[in-house]
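Please open the structure in a viewer and keep the selection tool at hand. The stops below are meant to be followed in order.

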Amino acid sequence: MNPGFHGFLFDGESLLVKPVTVTVTAGRLQGHAPEAPEPMVDVSLADVAISDRLASVPRYLYLPGGGTIETPDNAAVDLLLAGQRRGRTVALVHALEIHSRVAAAATVLLVAAIAGALWWGLPALALRVALAVPERIELQMGEAGLLAINRFLPDTGLDRRARHRVQSQLNRLMAVAGIQQKPRLVFRSMGENAANAFALPGGIIVVSDELVKLAGSDDEIAAVLAHETGHWQRRHGTQGVLRNSAALLVVSTVTGDLSTLTTFAGTIPFTLLQRGYSREFEAEADRYAVDLLRRAGINPAHFAAILDKLEKSRPATGRDLSYFNTHPSTRDRIQRIAPGFVAGNAAAPAAKPESGEPFPKLATAAPVKANRGDLEGRFTEPSVELGPDDKPPRPLSRKAPRYPEEMRKKSIAGSVTLEFTIDQSGDVRSVRVVNSTHREFEEEAVTAVKDWKFAPGEKNGRKVSVRSTQLLMFDPSDDEAPQAGRGAPPTIDLNPPPDKP
Amino acid sequence: MSDHSATPEQPSPEFPDPASAAPADAGARFAPPALPLPADTDTPADLRETLQRTLQTPPQPDCPPRLPPSPATQPPPSPATGMEQPRPSHGFVFHGEAREYFRIWIVNTLLTILTCGLYSAWAKVRKRRYLRGNTELMGHRFDYRANPPRILAGNILVALMFLAYMVVGEVYPVVRFGALLAGLILLPWVVVRSLSFNAHNTTYRGMRFYSRQTYGWAAMTYIGQWVIIIITLGFYYPAWVRNRKKFTIESHRLGDAFFRFESKSGPFYLAYLVGGAMVFGAAMIGGVLTTLIITLNGGRVPSTLQLVPFFLIYGFAIYSSKHFVYAQLFNQVWNNTRLDEHRFSANLSVGKWYGLQMANLGAMLVSCGLLYPWATMRSTRYALSCLRFQPGGPIEKISRLGKSDGSAFGETAAEFVGLDIGL
């Protein structure tokens, strides 16, 4: 049939090597020693297992009975297999392995596939699984975590009044969010410089005494609670565990085995990945908090203010290496939460009219229609970022919006949050509704704000345009028109004049 | 788990494990003996030429052949017994090429990902076959014959157990201790099974290697001696490494030829002493540097950025000491390993090995790991070029002896467990 090919016969009994010439005739494979008439091997080809083609590695014919023939003649063996219609799948893999272009394409695909799996596929899967985890299990995870914490953190030193203050803020938020099962508040003393709060799975929010003391107002406490509620509601704890263990599996599959992780080079991608995940969680909790705060009628600037304070209360180490920090750089977060927020005026936004005021009218407000998905997109960066030494815009004239007649008749309260630019001449431009309790209020709010006049903001002594947000409240219990009559009607919080009484 | 330790999945002792990079795939393993040797030829045709070759040793470019034991330590050769006549010496030759291996690696890795990991077992077998199939001794290559579906079954089981451990352990932390305890008890079994699986699937000249060991001795080596390490505050560690080598190597045989390991603990202590001194020295330099930074800082805690030089020095020292120890132990282990009357000799240069590994580290970091196949090929080629086999007689006499088998589960479990037993 064919002229045959050369190889070596090992009988499996010893390491003895016998050179052979292999021929295949009529379905039988024969191996002849040089010059010998009788074949040393004579078996049915169907009984011979043949090793797969792999680069130019020698091929092995595994004979029934334990013998092996080794041959460097890959081409002849391939021909033999092709005639038998055997080993086609492996031949395909081999075909892929020998082309440089395939390798180049595979490299690109591989990088894309890994990135895609780690950044989108895996988190999406983790979210689904996390949402499916029963609350009972979540709570057990939380209890376990709390138990571990208790060993390190002493009990709180706060008095009942202070704790009650925090609890009432939480109650207020939960009412707005419509969450029936309130999270459990746990107070712990964490020591100096440890103003902190975190959420454990199952709805346990741990707040440090130092945080309560650091917070300037109830609204700031509410802001922190809203953020932690976000972690809990989005099940970040469970998701994190799932993602990290799954990522570990993916990384080890790619690199071959887990021991790679113990080497320096293997640790880097994994660590970066974990950091990235936690950044993502922080950003999501921030968005949740901003949304919840708005619905509760609390200006997100309070959130920015407490973040700023937290940042300043920490020892100054590596603040700028944002990717290596668990939390995204605080400045980025603040700008996202309250564009235009000026760090230097951190205390100012505690605008009198709203702080401490109960919000019964908003508690029952209809669901906010703000589309959470693009909330972040609407928060464009401020056209100019103002530093602590720069002058924010100062309001010169602010006309209150007209109360829509129909709403007044029905005694419906509500609020609208607007975003707009205060340009170099102090005029208001590009007004957009960030969210509102009722669509009916929006038009009046926008109309009113367009007529406002400011002393423009200044940066380095030059007039600049500044992006800002504004909460306008509609309250039918106030007599004359909307709150036009009051000294400081709709609160302007974001860039309040420093000299405001 | 570092490279120089015989990870449980390694069938052979200290083989040219491409160091830090590739414990799992360090393919070519064993080193049994016999015929003539084509040296520099890189084509498969060399096998054919082998046919006509005579028994002779080609010179090795990288490492000078090691001479047989010097007369000072050995009794002078006695013509009567003929035992200590100068032995023939055969080098190991590695034919793998970085480009070729890269193509195989990338295609198989991609297929693994596209099949959600199901292909991983086939990929592993192909990669390992490439490494062993390109390792030549005395005119013939090694072969790896593992059955992918069995590896896959083991993979799936271990992945499920791992996920369950992570998730359940989060809910009931007590389970973690229970699981760790169970893992500890299973460890000897895992070690023995994976050694067996790996050896059984490695062949030379159509003959399988075998690894047979009692669970009792495995438990003694991997658990019992760890207790001693803890009691002695780690001073027993080098002796333990030596004992583990002995355990691994002496569990192996090829046909009726048994592997023997006859090293004392002293050289192991020396290697770890020097390695430890390197790390300690770097820690001192790092400490002085940090103090300096703090002083310049006006007493404040330095930022992460300012600590970078410290991390660099420390990481560099750990990496250096690790490879220093690896190179030292590579020579020590192979020079004291026998296969019945046949010997091995190794002459790996610490400096060269170290330079190689530094370049590998740089390449891996810069390429985000894509140059891993290149690093593997370089490491394996160099390590193998430093290893020689010195038969004490015709190796053809080595014959079959009984049968045995290994399960894929043990091997894969060992790769996961490998994380925990390294230190």
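The tour goes from a pair of helices to a group of strands.

This is a predicted model, in which local features need pLDDT of at least 70 and side-chain atom pairs count only at pLDDT 80 or more, while totals for chains, interfaces and linings use all residues. Residues are numbered from 1 along each chain as its sequence is written, chains are lettered from A and ligands numbered from 1 in the order in which they are written, and side-chain values use heavy atoms, with hydrogens and water left out.

**Stop 1: two helices**

Select residues 88-97 of chain A, helix α2(A), and residues 98-114 of chain B, helix α2(B). Helices here are DSSP runs of H or I with at least four residues, strands are runs of E with at least two, and both are numbered from the N terminus. The two helices pack at an angle of about 125°, with their axes 8 Å apart. Axes are lines fitted to C-alpha atoms, for helices over the stretch in contact, and angles run from 0 to 180 degrees between N-to-C directions.

Next, show the side of α2(A) with A:V93, A:L96 and A:E97, which meet B:R103, B:I104, B:V107, B:N108 and B:L111 in α2(B); contact means heavy atoms within 4.5 Å.

**Stop 2: three strands**

Select β9(B), residues 342-346 of chain B. Four of its five residues are buried (under 20% relative accessible area, 1.4 Å probe, protein chains only), so β9(B) is largely enclosed by the rest of the structure.

Add β8(B), residues 337-339, which pairs with β9(B) in the antiparallel sense over two bridges; strands pair if DSSP finds at least two bridges between them. Here B:L339 stands opposite B:H342. In the hairpin of these strands, with two residues between them, B:D340 takes a positive phi near 50°.

Finally, add β10(B), residues 387-390, which runs antiparallel to β9(B) and is joined to β9(B) by four bridges. B:A346 stands opposite B:L387 in β10(B).

Conventions. Buried < 20%, exposed > 50% of the residue type's maximum accessible area, 1.4 Å probe, protein only.
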